[in-house]
Amino acid sequence: MLYFSRLKVFSIISVIFIGIYFFLPNLTFFNNSKFFSEKRVNLGLDLQGGSYLLLEIDSNPLIEQRLQAKSLEVRRELRKNNIQYKNFSFSKDSLVFIFDEKQKETLDKILNDRLINSNIKTGGKEFEIIYENNIIKLIFTKENVNLIKKNALDQSIEIVRNRIDELGTKEPNIVTRGLDRILVELPGLKDPSAIKKLLGKTAKLTLRFVANSSDENSLGVETLSSKSSGSQYSVEKRIIISGENLIDAQPGFDQLNNSSVVNFKLDNIGSRKFALASKENVGRYLAIVLDKDVVSSPVIREAIVTGSGQISGNFTTQEANELAILLRAGALPAPLNIIEERSVGPDLGKESIEKGILSLIIGFLLVMIYMIYNYRIFGVFSNVSLLTNLVLISGVLSIFGATLTLPGIAGIILTVGMAVDSNVLIYERVKEELKKEKNYLIAFDTAYKKVLTTILDSNVTTLIAAIVLYYMGSGPVKGFAITLGIGILSTFFTTYVLGRLLVAKYIKNNKETTIVI
Amino acid sequence: MNIYNKKYNFLKFKKSFLVLSTILFAISLGAFFAKGLNLGVDFKGGTVIEMKLAQPYNSEDIRKSLLKINLGDVVVKEFGSSREFLATIEKKGKNNDFVGSIKKHLESDLAREFDFRRVEVVGSKISKELTKSGLYSVVLALFLMLIYIWIRFEWQFSLGSILALIHDVVITIGAFSLVGFEFNLSIVAAILTIVGYSMNDTVVIYDRIREFLKIDDRQDIQELINDAVNSTLPRTLKTSVTTLLALVSIYVFGGEILKGFSFALIWGVLIGTYSSIFVAAPILVFFKVKRNWDEEVDTTP
C-alpha cells in the first residue's frame, strides 16, 4: 500500500497540475492570460444576480379553437351524408351531440374515416368516440392534445426569444421544460419587470372594420373596449390583416398630434389585402385591435396602397417602444403565465460571494488548525490534501462549466469538513495498529488496507444522497449536489491517493526517528 | 479526557437511550402534526421579497403598509441588519408586474426608496410539484441506501441503519417545527446531506462490527458491539468536530440566506452522531446478527 511506482507518482502529480491549470483562471489576476483555458466556473444566478422565470402556456384557448374548427368540419361531413343530429355543444375538450340510433353504423364509419379523424403528424386518431345511447361524445386524444401543446410551445419559445433579444439582455438561457413550460434565465439582469411585462402579452394584432350600425346584431360582430379611452366599439369579427403580415414596426413621433406612435410596414400579401379593403371602404372606421383592446380607430380617408401605416393611441414614448417590440417579435399563440420567479440583484449576489468565501476560508482554517493540533506532521499532510482537494473541485467545476451557487459554496465547505474524515479514519486506524505492531511501515500499510472498504462504503452513501439531490433538485440545490458529488470523488483521490503518497515518502525518509502521530 | 484508553459501556443503557430516542421521535411527530412546519414559499406558494433601505427602519411599518394593498397574510422581519428586511407574502399575483406594483406602493406610501434585492414568486402548481419532489427525493435516498447497505452488509445492518436515518430525519423535522425556522427547499437538501452524513457515521461503526464478527466469535454480541463503538469513537468524535467547525463557520459568516440551511446541518450532524452510537449500533443486539462470517452461505430465501 505504501509503494508507489514512478509512473503512479507521475500520474498523481499530473492530475494535480491539470487541476491547478483549470483552477487558476478563476482567480482574477490570471484572468486574462492567454496561457490558460477559457473555461471558468459558472456563477449561478444567486451569485451573479439575475432572474429565473418559469413560464407556462395556457393552452386551453388553443384547444378550444381547435375544437371549434373540428366541429365545423364534423357538421359539414354529417350534413353531406344526411345524418341527423341535434343539440350540438362543446365542453372543455370534447364535442357532444345527439343522433338517431338507426344511423349509428354510418355515423361510426364517417367518424372513423381517416379523412376526418386522423392526426396529420403521428397518423393516430385525432379524437376518440364514446357512445351513450343516442348521445355521442368526441374527445380529443391525449396524443392530439399533446401535439397542440407541443406546437404552441415551439412557436412560443421562438417568440419569447425574439422579445428578450429585442431588449438586449446578455446571454439569456431559454429552454423548454416538459410539454407546456418555458424556462428563462437572465443572468446579470437588474430589474426583470420590463421583461415580465413584455412576456405577459400575447400581442395579437388585428386590423378590422368597426361594424356599421345597421348590422350590429349579426353574428360576425363583437363588442370590444378601449383601455385608454374606456369607450366601447362593436367590431367585425372578420380580420382584414393580422400581425403575421407585418414585416416591421418602429416607434415614432407624430408632430401634428404631439404624441408617440408606432409605424408599421406590411408584407406583399398584407399590402394587397389592405389596399383592396381600404379602397372599397373609404369613409369607414378601422379598429386596430391588440389582444381585445381597441388601440385606435382611425377613419379611412383614401385607399392605402403603400403597405405602411401608423398606430396612434395616446402612447407614451415607452409604451410606443414596447408595442413596437411586441409587434416585431410576433404574437404568442396562447397566453403565458409566470408560475415561478426567482430574482437576485447583482449587489446581493456579490455580497453572497463575499460571505460565502469568507466562511469558506474561516472554516478551512479552523479545520486545518484542528488537524495539525491532533496529528502534527500528519495533520500537515492532510491539509496539503485538503488544499489540493479545493483546487481540484474548482478545476473540475471549470472543466465541465458547472454552475456554482451559494448552497454550492456551502457544499464545498461541508466537503472540507467531511474530507478530513477519511484522514481521521486512516490516522486513527494507524494509532490502533501501532498498539499491536511496532513497525511503522507495516502499521501504516495495514491501516490503509483495512480502512479502504470503510472509506468506500461511507462515501458511496453520501454520493447516493448527492445524486438523488442532483436529479430531484432545481437551481441552487442542484449546485449544492454538484459540489458535494465532485467533492466526494476528489476527496477520495486527495486523501487516499495523494495523502498516502505523502505519508509513504515521509515514513521512508524517517525510518530511524520515532514517528509521533 | 482521554478517549483512547477509556472504555465506555455504551450498551449498558441501551434501553434507556432507545426510550429517549423514542420519546424525541414522538415529540417530533407530535410537533409536526400539531404545530406543523413553517413552510417557505417553495412549498406553500407565495412571494418573498428581500429588501434594503438606505436608513434603518422597522419591520412593523413595512408590514402595515403592505397590508393596505390586500396581499393576504404578510410577515416582515429584519434580515441581517435594521436596514434589511424579508417580507413573506401569501399572494403571488396573477399580474405579471405584481412585484413592481408592490414596490411602487411601498415607495409612495412610506416615502422612501426600497431596493428589492431578491424576489421569489412561486405559484401553487409549482409549490405542489416541489413538495412532491422533495418528499420523493428523501424517500428515494433512504431506499437506495437501504439497498446499498443490504448488498454490502446483512439485512440486520440495513434495517438498523435505516431506522437510525428515519430517526434523524424525523427529529430534524421536529426541531424545525418546534423552533419555527422556515422550511424550504434548501432544508430538504440539508436533510438529504444529513442522511448521507449519518449513514457515513453508521457505516464506519458497522464496518468495525463486521470486522470483529469475522475475527472473534467468542465474545458476547453486546460486548463486541460495544468494543466496536469504542474503537471507532475517536474517529466519530473528531470527524464530527471538523464537520461542525466548517458548518459553524457557514452559520456565523455565511450570511442570512444560509442560516436555516447551516442550522439544519449542524443539528443533523449532532443527531446523526448520536444516532450512530446510541441507536444504530445497539439496535443490532435486538436483531440476530449472523455470527459466522467465514462460510459464505447464502441463507436468504
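In strand E4 of chain B, Thr88(B) is the bridge partner of Val48(B). The model described here is predicted. Val48(B) has a second partner, Glu120(B), in strand E5 of chain B. These two pairings place Val48(B) in strand E2, and the account starts from that strand.

Strand E2 of chain B covers residues 46-52. E2(B) is joined to E4(B), residues 84-89, by six bridges, and the two strands run antiparallel. E2(B) also pairs with E5(B), residues 115-122, again in the antiparallel sense, over seven bridges. Strands of a sheet pair through backbone hydrogen bonds, either parallel or antiparallel.

Is E2(B) enclosed by the rest of the structure or left open, and why? Seven of its seven residues are buried, so E2(B) is largely enclosed by the rest of the structure. For a residue to count as buried, 20 or more other C-beta atoms must lie within 10 Å of its own. In a regular strand the side chains alternate between the two faces of the sheet. In E2(B), Gly46(B), Val48(B), Glu50(B) and Lys52(B) point one way. Thr47(B), Ile49(B) and Met51(B) point the other way. Residues on both sides of E2(B) are buried.

Strand E5(B) also pairs across the chain boundary. Strand E18 of chain A, residues 336-344, runs antiparallel to E5(B), and five bridges join them. Arg342(A) has Glu120(B) as its bridge partner in E5(B). Glu120(B) is also the bridge partner of Val48(B). Another residue of E18(A) is Ile338(A). Ile338(A) has 23 other C-beta atoms within 10 Å, so it is buried. Ala419(A) is 81 residues from Ile338(A) in sequence, and their C-alpha atoms are 41 Å apart in space.

The contact between the chains takes 59 residues from chain A and 57 residues from chain B. On the chain B side, the elements that give two or more residues are helix H4, E5, helix H5, helix H7, helix H8 and helix H9. H8(B) supplies the largest share, 14 residues. By class, this side of chain B has 30 nonpolar, 17 polar and 10 charged residues.

Chain B as a whole has nine helices and six strands. Its C-alpha atoms fill a box of roughly 80 × 45 × 30 Å along the principal axes. The radius of gyration of chain B is 24 Å, whereas a compact globule of 301 residues would have one near 19 Å. Buried residues make up 49% of the 301 residues. Of the contacts in chain B with a separation of 6 or more, 75% are between residues 24 or more positions apart. The domain assignment divides chain B into domain 1 (14-39 + 126-286) and domain 2 (46-122). Their centres, taken over C-alpha atoms, are separated by 38 Å.

Chain A is assigned four domains: domain 1 (6-47 + 346-509), domain 2 (51-57 + 146-199), domain 3 (60-145) and domain 4 (205-334). The centres of domain 2 and domain 3 of chain A, over C-alpha atoms, lie 35 Å apart. The contact between these two domains takes five residues from domain 2 and 10 residues from domain 3. The domain 2 side has three nonpolar, one polar and one charged residues.

A sheet of chain A comes next. Four strands form this open sheet in the order E3-E4-E6-E5, with antiparallel pairing. Which strands stand at the edges? They are E3(A), residues 85-90, and E5(A), residues 127-132. Each has a single partner strand, so one side of each is left without a neighbour in the sheet. On average, neighbouring strands are turned by 20 degrees against each other, direction ignored. The edge strand E5(A) is joined to E6(A), residues 135-140, by six bridges, and the two run antiparallel. Within E6(A), Lys137(A) stands opposite Ile130(A). Helix H3 of chain A, residues 60-80, packs on this sheet and touches E3, E4 and E6 of chain A. The direction of H3(A) makes about 170 degrees with that of E3(A).

Note on methods. Residues are numbered from 1 along each chain as its sequence is written. Chains are lettered from A and ligands numbered from 1 in the order in which they are written. This is a predicted model: local features need pLDDT of at least 70, side-chain atom pairs count only at pLDDT 80 or more; totals for chains, interfaces and linings use all residues. A residue is buried if 20 or more other C-beta atoms lie within 10 Å of its own, exposed if 12 or fewer, and partly exposed in between; C-beta atoms are placed from the backbone. Two strands pair if DSSP finds at least two bridges between them. Two residues are in contact if their C-beta atoms, placed from the backbone, lie within 7 Å. Ala, Val, Leu, Ile, Met, Phe, Trp, Tyr, Cys and Pro count as nonpolar, Asp, Glu, Lys and Arg as charged, and the others, Gly among them, as polar. Domain bounds come from an automatic or database domain assignment. Axes are lines fitted to C-alpha atoms, for helices over the stretch in contact, and angles run from 0 to 180 degrees between N-to-C directions. The radius of gyration is taken over C-alpha atoms; the globule rule is 2.2 Å times the number of residues to the power 0.38.
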